[in-house]
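Student: I should like a close look at the ligand site of this structure, set in the context of the strands and the chain around it. Please state the cut-offs behind each term.

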Amino acid sequence: MDVDRSRTGSFGFNTASEEEIKSAAVADVYFHRAMQVLRAEGKEQTPVHAEVVLKSSELEKWYVLAGLDEVAHLLEDTEIEAYALPEGTICRPQEPVLTLSGPYEAFGEHETAILGFLCQASGVATGAARCRLAAGERRLISFGARRMHPAIGPMIERAAYLGGCDGVAETLGAERLGIQPVGTLPHALVLILGSTEKATRAFDRVVEEEVPRTILIDTFDDEKFGALIAAEAIPESIFAVRLDTPSDRRGNFKSLMREVRWELDRAGFSHVKIFASGGINTVDILELNPLCDAYGVGGAIAAAPMIDFSLDIVEVDGEPRAKRGKWSGRKRLLELKDRSHMILPAEAEPSAGAKDLLQPLDQLYASPPDVSSLRERVLEQLATGDFDL
Ligand code: PCP
């Protein structure tokens, strides 16, 4: 397994290339060693059936499945029979979301990459879905690319959008999603131009008309004065004011926002919306919803806890065999008439009207899925299902 080592050392970004991922150079070494032993024993072609599930005893826990597009890309040239749930499916622990059948050698050394793709993307999508659930109909924008390595910015934004965000800030990610990037203006612009008023007027004069005029108001001024300065600077085009109040100045953010709302309404700007950002999470969103119209969320989505998937063999040579703590044998995951899920042994007869959820991975990714429809799938489930925060 030859790896281009010229990329180590102090130059270049600390990322793995497509070839390094596909050649399993990114694998944990014990998978290489296991393969070394199996080859020595002539067992590397042993047919196995493995599955990826979230191993958690909190059976009520829910998460959004994402990252399968990259798994499909990784496995596209391998002789594996793979089945999976469509991305955007809201799942629970123990439910098999990906199954792999074939000679162990065909995928054994890809376990690290397979889990990496699913654990992180599903974590981000779930972080977005939780914020979506909390924000209801209010706009939710992913602001978190800066919280993660830029090489995975497009992945973060894809998962954030799939999970329910209305828009994303990172330009390449938005481009790959075929949507317009969303953003307001940074403190840097206000600092360099010297005042909120100057930055507001310049932004309004220079930036394309179709970009909503959401003006950052907390750089120099107390928020209620900053809001009026911005609104009075561009009364015809002002759309919203963004409060990114530093945490050590925030105090009671809700009452601060109520004051801004009062002053805007009193001054005839009741149409001007309020946008909050800066360390926002689901707790903040639930508290601010009565006053806030939109949220820019960074770390709470981009750095959301990963989904702790495991990939485990549950059948060897056609015989159910699993480690302790795992349910052995092949399974089928069914959606019942009431939209709930049921896990059954593969050979079991499903109840009437039940539908198999696992589908051939190569069919699911015969063409790149439209992420907007995967997003609609998440929104529809959040709207009809019972998912707590
Ligand atoms: C950034 C942005 C949001 C922050 C980051 C989102 O703030 O404006 O407020 O990330 P978070 O949810 O993890 O906090 P700053 O860098 O403070 O401000 P600027 O807008 O000037 O970049």
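Tutor: The account below begins with the ligand and then moves outward to the strands, one loop residue and the whole chain.

The model is predicted, so local features require pLDDT of at least 70 and side-chain atom pairs pLDDT 80 or more, while totals for chains, interfaces and linings use all residues. Residues are numbered from 1 along each chain as its sequence is written, and side-chain values use heavy atoms, without hydrogens and water.

Around the ligand there are 13 residues, of which Arg147, His187, Asp244, Gly279 and Gly299 come nearest; a residue is counted here if one of its heavy atoms lies within 4 Å of the ligand. By class, this shell holds four charged, six polar and three nonpolar residues. In that scheme Ala, Val, Leu, Ile, Met, Phe, Trp, Tyr, Cys and Pro are nonpolar, Asp, Glu, Lys and Arg are charged, and the others, Gly among them, are polar.

Oxygen atoms of the ligand take part in polar contacts, that is, pairs of N or O atoms within 3.5 Å; within protein, one atom must be able to donate a hydrogen and the other to accept it, and residues adjacent in sequence count only if both atoms are side-chain atoms. An N or O atom in the side chain of Arg146 is 2.9 Å from a ligand oxygen. The backbone contributes as well: a polar backbone atom of Gly299 is 2.8 Å from an oxygen atom of the ligand, and a backbone N or O atom of Gly278 is 3.3 Å from one. Of the 480 Å² of accessible area that the ligand has on its own, the protein covers 77%; areas come from the Shrake-Rupley method with a 1.4 Å probe, and for residues only the protein chains shown count as cover.

Next come the strands. Helices (H or I, at least four residues) and strands (E, at least two) are DSSP runs numbered from the N terminus, and two strands pair if DSSP finds at least two bridges between them. An open sheet of six strands has the order β7-β6-β11-β10-β9-β8, with parallel pairing. Strands β7 (167-168) and β8 stand at its edges with a single partner each, so one side of each has no neighbour in the sheet. Within the sheet, β6 (residues 139-142) and β11 (residues 294-297) are joined by four bridges, and Ser142 has Val297 as its bridge partner in β11.

Elsewhere, β12 (residues 309-316) has seven of its eight residues buried, so the rest of the structure largely encloses this strand; buried means under 20% relative accessible area, exposed over 50%, and partly exposed in between (1.4 Å probe, protein chains only). Strand β1 (residues 47-54) runs antiparallel to β12, with seven bridges, and Val48 pairs with Val316. A hairpin links β12 and β13 through two residues, and Asp317 in the turn has a positive phi of about 55 degrees.

Asp221 lies in the loop between β8 (213-216) and α9 (223-233) and is partly exposed, with 23% relative accessibility. Its side chain makes a polar contact of 2.9 Å with that of Thr196.

Overall, the chain has 15 helices and 17 strands. Of its 389 residues, 49% count as buried, and the C-alpha atoms fill a box of roughly 80 × 55 × 35 Å along the principal axes.
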